[in-house]
Each structure stands twice: as C-alpha cells, then as structure tokens.
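Here is a short report for a first look at this model. It takes up one helix, then the pockets, then the cysteines.

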Amino acid sequence: MIEVVNPGPLSTVQDLGRFGYRQQGIPQSGVLDPLALIIGNRLLGNRDDDAAIEITAGNAVFHFLEDCSFVLMGSSLNATLNDMPVHRGWCMQAKQGNVLRLKGSQYALRSYLCFAGGIDVPQILNSRSTDIQGQFGGLSGVPLQSGTVISLFKPQQIPVPKQGALQPSYLNHIRVLPGPHLACFDEHWKCRFTEKPWLVQLSSNRMGTRLMRDDVEFFNHNIRIPSQAVHPGVIQLPPSGEAMVLLADCQTTGGYPIIGQVIEADLRHFTQLGSSQPVYFEFVDINTAVTAHQTTLFHLNRINIAIENNKKK
C-alpha cells in the first residue's frame, strides 16, 4: 500500500482509458501518454492497461507502507526516493517507510508512477481510470487527496528484474491530418496556421490544450456547423480563433469547426507541454500517420525483446 502525503496540483489514477461508451456521452479518460504507461507496465511485468498514478506539475509526495517495485515514466519531475535521485524508465525498489518526492520541472509537466502489480481500484465500465467530470472511476471519481491510502495488486513477477527502457522523446512539432472542415478556409489561411508557433495557454487541462497566437484575430470566423462527435486529437477552432486540441477527458460532441486531427503517434507530446510553450503544426497525409504508428510499435517490440533477453540472464 501507498499513502498519498501530498498529491500536488493534480494526481489521478488512470489506465489506458474507457472505450466503447462515447455514444452514451462518456469520455475516454485514461493517461495522456499511453506509450509511457505501456512501457512502465511491461518493465514491471504488468499488463499494459494496469492502472498507475498520473502526476501533474510535481510537488507530490508518496509514502511507501510496504516494500514495492515501481517505475516513473513520462518525466521524472526531479524525483527522489529518500533523497536519492530517481531516473525515469528504470525499475526501482522501495522499502517500507521510504518516501518518494516529485519536486517538479520547468521543462516537463507530467509523470507516471507505475507499481508492480498495478493499482487495486474497482473497474467501472471496463476501466480503472478516474473520470473527474463524471466523478466516477479511480478512487471515488476524484483526484488523490492527502492521506489517501492506495492498495496494490500482487506483482505477477517476483522479484521484478532490475531493468530500464528509453521512451521516445517529447516534441513540440505536431503532425496533423486535415480535418473535415479545413476546406472552409482558403490556402492562405492554411499556410498562416502552420507558419508560426502557437502558445499553450494556462487554462489547458486534461480535456484539451488551448492555444493562442499574437495574430489570433486573423483566425476569427463565423462558421457554424451542426454539433457532431469529437474525440481526443481533434483540433477545434472556436470563433475566437484560439485553437484547441482535445485530450483524453474531452467531451464527446462539439459544434466548432474541426480543422485537423493530431496523428496518434504525436498526441502524447501534449502530455508535457506547459503554459507558454510553443507548438508547431504540420499537415501530413495518412501514410505519414501510419508510418509513425508503425515506428511506435517497432519501439515497443524492441523493448519486448530486451525484456525477454533479460529474463534469460
């Protein structure tokens, strides 16, 4: 078991998300960086979708109430275990009474704390993820609180091997497929959209990353469309011209023009983009998106091979 001493600004239990319920108005939820969670779980011998803690902005402290193996993925957020540095992507062994602190970083925003065995909370609609808006899932549907005690499942593999893995870097160059309403705008508008960086706004959250530019008036419009289904990765353009990239907790319908869809391989980059950081967009074709996805799968396969080879030693 783990005690939450300080959850920081926002820490929630998340797995890979809740799928198949959007037609009922239920968001996906889940980690903002599925690749980080999958790598962390595989290093620990867990299932890919075992739940972990998504920690935003650091200033978080956890007290181990029993011996436990864990991995930090995403950013380490300058973490220490009993004042010793903890590096991301590396299996660590905590002893009963140890304290894990994540101080935070000016260069990254989120960390994923994965435990051997995964977090023991009930599955609701086939997921252990916290739906903050719906107030269900995770631990009673709310972010972690100081004093919360978290139970863990027994590890599938004892002892957990000493091993680590690199995760692909986080970038601010985002590849985008043209959206269904991009044709509402002319070629000059499309060039202006990608020629300069957009800046992440402080109001961004797990529902979406809001973006601003100094020439945002150019992107003002009065286009009206019927409300329709949306999902994570969709780029909406409200009349104000401030673009918005929808993320895991986004609503299921929207009435703003959809100008693009972030390719699956690049959506994880928004995990670490904090306020005022620049985002560069590039429109690409479906072949680029498929190739990027295959590159991600190749990276996971290499990790699988390394883990299997490590078992033979």
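## Helix 1 and its neighbours

The buried residues of helix 1 pack against four strands and a helix: strand 2 (10-14), strand 3 (52-56), strand 5 (68-74), strand 10 (110-115) and helix 4. The model is predicted. Helix 1 is mostly covered, with 9 of its 10 residues buried. The buried ones are Leu35, Ala36, Leu37, Ile38, Ile39, Gly40, Asn41, Arg42 and Leu43.

Both ends of helix 1 can be described. Asp33 caps the N-terminal end, where one of its side-chain oxygens lies 3.2 Å from the backbone nitrogen of Leu35. Just after helix 1 comes Gly45, with a positive phi of about 80 degrees.

## The largest pocket

The largest pocket has a volume of about 600 Å³. Its lining holds 25 residues, and Gln28, Pro34, Glu264, Ala265 and Leu267 are the closest to its centre. Four elements give two or more residues to this lining: helix 1 (34-43), strand 19 (258-262), helix 3 (264-267) and helix 4 (286-311).

Helix 4 gives the most to the lining of the largest pocket, at 4 residues. Helix 4 is also among the elements that the buried residues of helix 1 pack against. By class, the lining of the largest pocket has 17 nonpolar, 5 polar and 3 charged residues.

## The second largest pocket

The second largest pocket has a volume of about 300 Å³. The number of residues that line it is 17. Nearest its centre lie Thr56, Leu109, Arg110, Leu202 and Ser204. The lining of the second largest pocket divides into 8 nonpolar, 7 polar and 2 charged residues.

## The cysteines

How many disulfides does the model have? A disulfide needs two cysteine sulfur atoms within 2.5 Å. By this rule the count is 0. Cys91 is in no disulfide, and the nearest cysteine sulfur, that of Cys114, is 9.7 Å away. Cys91 is buried, with a relative accessible area of 8%.

Why is there no bond for Cys191? The closest cysteine sulfur is in Cys184, and the sulfur of Cys191 is 17 Å from it, too far for a bond. Is Cys191 buried or exposed? Cys191 counts as partly exposed, because its relative accessibility is 41% and that class lies between under 20% for buried and over 50% for exposed.

Notes. Residues are numbered from 1 along each chain as its sequence is written. This is a predicted model: local features need pLDDT of at least 70, side-chain atom pairs count only at pLDDT 80 or more; totals for chains, interfaces and linings use all residues. Side-chain values use heavy atoms; hydrogens and water are left out. Buried means under 20% relative accessible area, exposed over 50%, partly exposed in between (1.4 Å probe, protein chains only). On a 1 Å grid over the protein atoms alone, a cavity is a set of points where a 1.4 Å probe fits but cannot get out, and a pocket is an open set with protein on both sides within 12 Å along at least five of seven lines; lining residues have an atom within 4 Å of a point. Grid points are joined across faces, edges and corners, and a volume is the space filled by probe spheres set on the points. Ala, Val, Leu, Ile, Met, Phe, Trp, Tyr, Cys and Pro count as nonpolar, Asp, Glu, Lys and Arg as charged, and the others, Gly among them, as polar. Contact means heavy atoms within 4.5 Å. A polar contact is a pair of N or O atoms within 3.5 Å; within protein, one must be able to donate a hydrogen and the other to accept it, and residues adjacent in sequence count only if both atoms are side-chain atoms.
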